[in-house]
Amino acid sequence: MKRIFSGVQPTGNLHLGNYLGAIRNFVPLQDEYDCIYCVVDLHAITVWQDPAVLKANTREVAAAYLAAGIDPKRCIIFNQSQVAAHAELAWIFNCVARLGWLNRMTQFKEKAGKHRENASVGLYAYPSLMAADILAYKATHVPVGEDQKQHLELTRDIAQKFNSDFGVAYFPLLEPLILGTATRVMSLRDGTKKMSKSDPSDYSRITMTDDADAIAKKFRKATSDAELLPGPEVLDDSGAVPEAIRQARPEAYNLLAIYAALADKPMADVLTEFAGAQFSKFKGALSDLAVARLGPIGAEMKRLSDDPGAVDAVLRDGAQRARAIAEPILAEVYDIVGFLRP
Ligand code: TYM
């Protein structure tokens, strides 16, 4: 059976990268797979979260799922802390994963920065909780942005080691689904940095609740370069922008990739349309497109923020359905590991 699992952290400032790299791709998958979409609040507290804000942000991610078009009847939408199996399985995986594996995780290095000694133990063990999220449901496919690839490889390593340590063929080896043309959306201020929730500059990102004025202003101020836009001749045979070309004009290619993703068009079409254009013209078209795509989603998110009871009901129902899948799997794992449950 094919089962999808994915998650988004409720750490505020949901942005265009989260939308194009992940949330938007969750929607069509519900027609094909059994889908579970989680708001990963246990992951969020690996760095400090104000408790009242965490609650609001948890509802905001759930609202983003709903507003983007995920159907809570066909899919399971819930927040992680409501299903104890995640934390319980994570402990077992902490005992399967090796220190050397976690030491290689680039996200930990980036997030801990120079103050590694001061980072939480949870931040270090973040990837084994992520493996638990996925494997508590024996999910087979995981849609994410490019930055999560290394974590998914670690999940495969954990599944494989568990199976071989205990001599079972229990956990499936997942397939990452890194979909679309904007799998790594970059900051609007610096095309070499990923667009992120934690960038101190609001102008670095478009958020899912930005209004038309904010979107237009942020794209107008977005860093660009002095040249005209390139044409489709820069593309390689597969229709992709070669790495060296992209690196020479990171801001230009980031904006073009955002346009292609929002327009749902191949890069070649976008380059043909804007070949030789000035940034001012292109940025105007990009703002209009982003407003058309994000406007209705942001409006629905705002409507849902006035109705927390409706969002909470979705999370409660989702958690109940999630527990019904995860608890029997955890019971089997406990038996495999040798925990006595008289
Ligand atoms: P989070 O909240 O950081 O990101 C949520 C999703 O958004 C994608 N993403 C991006 N995609 C393109 N460009 C960007 N600039 C960008 N920034 C973020 C992320 O790749 C992710 O898909 N560890 C996960 C949450 C998680 C999870 C899981 C995911 C916890 N358990 C199990 C899948 C399966 C994360 O960092 O979320």
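Colleague: Which side chain puts an N or O atom 3.1 Å from an oxygen atom of the ligand?

Modeller: Asn18 does. Keep in mind that this is a predicted model. A polar contact is a pair of N or O atoms within 3.5 Å. Look for further short distances around the ligand. A polar side-chain atom of Gln148 lies 2.9 Å from a ligand nitrogen. The side chain of Lys197 has an N or O atom 2.6 Å from an oxygen atom of the ligand.

Colleague: How much of the ligand's accessible area does the protein cover?

Modeller: Take the ligand on its own, with 710 Å² of accessible area. The protein covers 96% of that. The ligand sits in the largest pocket.

Colleague: How many residues surround the ligand, and which are the closest?

Modeller: There are 28 around it. The closest are Tyr126, Asp133, Asp147, Val185 and Lys197. Now turn to secondary structure. Strand β1 and helices α1 (16-29) and α7 (121-135) each supply at least two residues of this shell.

Colleague: Let's take a residue of β1. Is Arg3 buried or exposed?

Modeller: Buried means under 20% relative accessible area. Arg3 has 9%, so Arg3 is buried. Arg3 lies in strand β1, which spans residues 3-8.

Colleague: What does the side chain of Arg3 reach at 2.6 Å?

Modeller: The backbone oxygen of Tyr137. The Arg3 side chain also makes a polar contact of 3.0 Å with the side chain of Asp34.

Colleague: Which residues does Arg3 touch, leaving out those up to four places away in sequence?

Modeller: Asp34 and Tyr137 appear again, along with Ile36, Ala139, Thr140, His141 and Ile325.

How values were computed:
Residues are numbered from 1 along each chain as its sequence is written. This is a predicted model: local features need pLDDT of at least 70, side-chain atom pairs count only at pLDDT 80 or more; totals for chains, interfaces and linings use all residues. Side-chain values use heavy atoms; hydrogens and water are left out. Helices (H or I, at least four residues) and strands (E, at least two) are DSSP runs, numbered from the N terminus. Buried means under 20% relative accessible area, exposed over 50%, partly exposed in between (1.4 Å probe, protein chains only). A polar contact is a pair of N or O atoms within 3.5 Å; within protein, one must be able to donate a hydrogen and the other to accept it, and residues adjacent in sequence count only if both atoms are side-chain atoms. Contact means heavy atoms within 4.5 Å. A residue is near a molecule or strand if one of its heavy atoms lies within 4 Å of it. Accessible areas come from the Shrake-Rupley method with a 1.4 Å probe; for residues, only the protein chains shown count as cover. On a 1 Å grid over the protein atoms alone, a cavity is a set of points where a 1.4 Å probe fits but cannot get out, and a pocket is an open set with protein on both sides within 12 Å along at least five of seven lines; lining residues have an atom within 4 Å of a point. A molecule sits in a cavity or pocket if more than half of its atoms lie within 2 Å of its grid points.
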